[in-house]
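Hi everyone, thanks for making time for this. I'd like to walk you through the enclosed spaces and the metal site of one structure.

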Amino acid sequence: MIIDIIAVSLALIHFAFPLAYYFYVKEKWLPRGWGLKISGAFEPRVTIIIPTYNEETYIVKKLENLYRQEYPRDKIHVVVVDSASTDRTVEKVKEWMSTNRDMKVTLLVEHTRRGMNPALNYALSQISDTSTEIVVFTDADSFWQPDSLKKVVKYFSDPSVGAVTTNVTYMGGGKVSVENDYRNFFNIIRVGESKYYGTPIHNGTLVAYRFDLIKKIGGIPEFTGNNDSTLASLISFMGFRSIQIDDTTVVEPLRDGQFYRKVRRAQHLILSFLIAKRFAKKKGLYVPTPFDLIWNIEWWLHVINPWIFVSSVILFLISALMYGSAVGLIVTLCGIALLLFRPYRTWIMHQLYLVLGTLKSLWTKSIVWDK
Ligand code: GDD
Ligand code: MN
């Protein structure tokens, strides 16, 4: 039946395209060199901004983690920007500052919570040190390796690099291994894309930017709620490479409440895909580069591909339930049975997050989120 043929074709497109892209990137792009001139001696001043809202569990561990970076401490300035936390985050930062005076830490406190990006923009406006070349944003609940900052910064010694992020893995919790398989799948794609030119998806666990590029953009745009992928994409549109490196890894604890978190992250990403390119063009920042190819593919994978899956499922259901088609019924049942298989289930959940994230954008941008 024609409806079955269409449904099968849509399902094939949905699954085959990302898989083909994965293998292509892994075989063709990932093994390449960076095509950059990197100098390990490059050690500019770095401002590291940590946005916090109710982070009393992690903030001291986070400051300790930054304190232990293998980078000249007199070139690091840490800024904590808190938005009216209702727990002891601010007190804990103050206590830590009073006992560790050899690292420059500034605490900024907002008295109302307007969201992470407004807080980060406030922190950016307070950077008076004109010699800061690199700005790093990092979530309070993310932990770097001792060499992370050193490794990230050295890529900026090549003037064509505008943004750098790292691989991420999860720690703790029972579901860690499947989450990590999944993360590794994406780490491979992101690093491969980075070797080709750049990747539109960065990780807020550690994102480093050339400060003058953020200034040219006019701060972090507030058409979406993330501080990582949107800026990285804009910087690529400006003709600088936004790369994910794989010679250091950052760890993030797997927290509860992953469902809402993932829908929100997906939503922020969707908004970035829907608006960033137009935004860059409107601001006169856009230049054509090989990044456009990657952008178009990722745009399709995030904005269109999930809906192809949804359409396919709907057609199979119509075919099975309304026309009593055996094919429709078998495929539907197989699709349900496959959910027992974790990688498949994880993929389907990812599609669901993207679909729900898109729908949610119809009424909110989620600039402030539950914690
Ligand atoms: N100052 C401030 N104000 N900080 C905030 C606020 C706020 O209103 N809301 C959240 N934060 C801080 C958190 O304390 C944390 O350090 C960081 O922003 C990220 O927030 P999480 O609640 O931990 O969310 P996540 O782990 O899902 O964050 C990821 O998703 C975002 C996009 O949805 C991160 O990787 C972000 O960097 C990313 O942009
Ligand atoms: Mn987090």
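Before I give any volumes: a cavity here is a set of grid points where a 1.4 Å probe fits but cannot get out, and its volume is the space filled by probe spheres set on those points. Please keep in mind that this is a predicted model.

So, how many cavities of 30 Å³ or more does the structure hold? There are 2.

Let's take the largest one, which has a volume of about 110 Å³. Its lining is made of 13 residues, and F186, E298, L301, H302 and W347 are the ones nearest the centre. Four helices, α1 (2–29), α6 (176–196), α10 (291–321) and α12 (342–360), each bring at least two residues to that lining. By class, you get 8 nonpolar, 3 polar and 2 charged residues.

Now the second largest cavity, with about 30 Å³ of space. Around this one we find D141, Y170, E252, P253, R255, Q258, R261 and R265. Both β7 (241–253) and α9 (258–282) supply at least two lining residues, and α9 gives the most, with 3. Here the class split is 2 nonpolar, 1 polar and 5 charged.

One name in that second lining, D141, takes us to the metal. Which protein donors does the manganese ion, ligand 2, have? Both entries are OD atoms of D141, lying 2.3 to 2.8 Å from the ion. As for its place in the fold, D141 sits in the loop between β4 (132–137) and α5 (148–154).

That's my tour, and I'm happy to take questions.

Note on methods: Residues numbered from 1 in each chain as written. Chains lettered and ligands numbered in written order. Predicted model: local features only at pLDDT ≥ 70, side-chain atom pairs only at ≥ 80, totals over all residues. Heavy atoms only, no water. Donors = N, O, S within 2.8 Å, 3.2 Å for Na, K, Ca; no water. 1 Å grid on protein atoms, 1.4 Å probe; cavity = no way out; pocket = protein on both sides within 12 Å on 5 of 7 lines; lining within 4 Å. Nonpolar A, V, L, I, M, F, W, Y, C, P; charged D, E, K, R; others polar.
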